[in-house]
Amino acid sequence: SPMQHLKHLRLEKAARLLTGSDTQLADIAEATGFCNEFHLSREFRRVFGKPPGRWRADPDRALP
């Protein structure tokens, strides 16, 4: 659906921000349109299979 596509684009942007900076998760959530870091973390884990902090630390991470 269009809303799921938009959410996926927002999550990809969050993943890029996690990769390219040491920005706090709350700031990334705000920058990508999630209401808070908990909501971002829950959706991120659902799509990427791991929470944002573990994804950021994983040297073998890749966008789906």
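Residues with between 20% and 50% relative accessible area are taken as partly exposed, with buried under that range and exposed over it. In this predicted model, L6 has a relative accessibility of 41%, so it counts as partly exposed. L6 is part of helix α1, which covers residues 2-20. Together with M3 and L9, L6 makes up a nonpolar patch on the surface, and the three residues share about 300 Å² of accessible area.

Helix α1 also takes part in the charged side of the picture, through K7. In total, the structure has four salt bridges. One of them joins the side chains of K7 and E43, with 3.3 Å from N to O. This pair ties together distant parts of the chain, since K7 belongs to helix α1 and E43 to helix α3, 36 residues apart. The two partners differ in their surroundings: K7 is partly exposed, with a relative accessible area of 25%, whereas E43 is buried, at 9% relative accessibility.

E43 has further partners. A salt bridge pairs E43 with R46, at 2.9 Å from N to O. R46 and E43 are three residues apart in helix α3, so about one helical turn separates them. R46 is exposed because its relative accessibility is 52%, and the cut-off for that class is over 50%. Another salt bridge pairs E43 with R42, where the closest N and O atoms are 4.0 Å apart. R42, for its part, is partly exposed, with a relative accessible area of 44%. Put together, K7, R42, E43 and R46 form a network of salt bridges. Within that network, the acidic residue E43 is buried at 9%, while R46 reaches the exposed class at 52%. As a general point, side chains of opposite charge can pair when their charged atoms come close.

Then there are the rings. The model contains three aromatic pairs. In one of these, F44 and W55 meet edge-to-face, with 5.6 Å between centres and 80° between the planes. Here too distant parts of the chain are linked: F44 sits in helix α3 (residues 37-48) and W55 in helix α4 (residues 52-57), 11 residues apart. F44 is buried, with a relative accessible area of 0%, and W55 is likewise buried, at 4% relative accessibility. Both values fall under the 20% cut-off, which means that each ring residue is classed as buried. Ring pairs also bring in F48, so that F44, F48 and W55 are joined in a cluster.

Two arginines add charge to the aromatic theme. R61 lies over the face of W55, at 5.6 Å from the ring centre. W55 thus has an aromatic partner in F44 and an arginine, R61, over its face. Elsewhere, R10 places its charged end over the ring of F34, 4.1 Å from the centre of that ring.

Past helix α4, the chain continues into a segment that holds P59. P59 is exposed, since its relative accessibility is 71% and the class begins over 50%. In sequence, P59 and T19 are 40 residues apart, yet in space their C-alpha atoms are 9.7 Å apart.

Technical notes:
Residues numbered from 1 in each chain as written. Predicted model: local features only at pLDDT ≥ 70, side-chain atom pairs only at ≥ 80, totals over all residues. Heavy atoms only, no water. Phe/Tyr/Trp six-rings, centres within 6.5 Å; stacked < 30°, edge-to-face > 60°. Helix = DSSP H or I, 4+ residues; strand = E, 2+ residues; numbered from the N terminus. Buried < 20%, exposed > 50% of the residue type's maximum accessible area, 1.4 Å probe, protein only. Lys NZ or Arg CZ within 6 Å of the ring centre and 35° of its normal. Patch = residues over 30% accessible without salt bridge, like charges linked within 9 Å, V, L, I, M, F, W, Y side chains within 5 Å. Areas by Shrake-Rupley, 256 points an atom, 1.4 Å probe, with all protein chains shown as cover.
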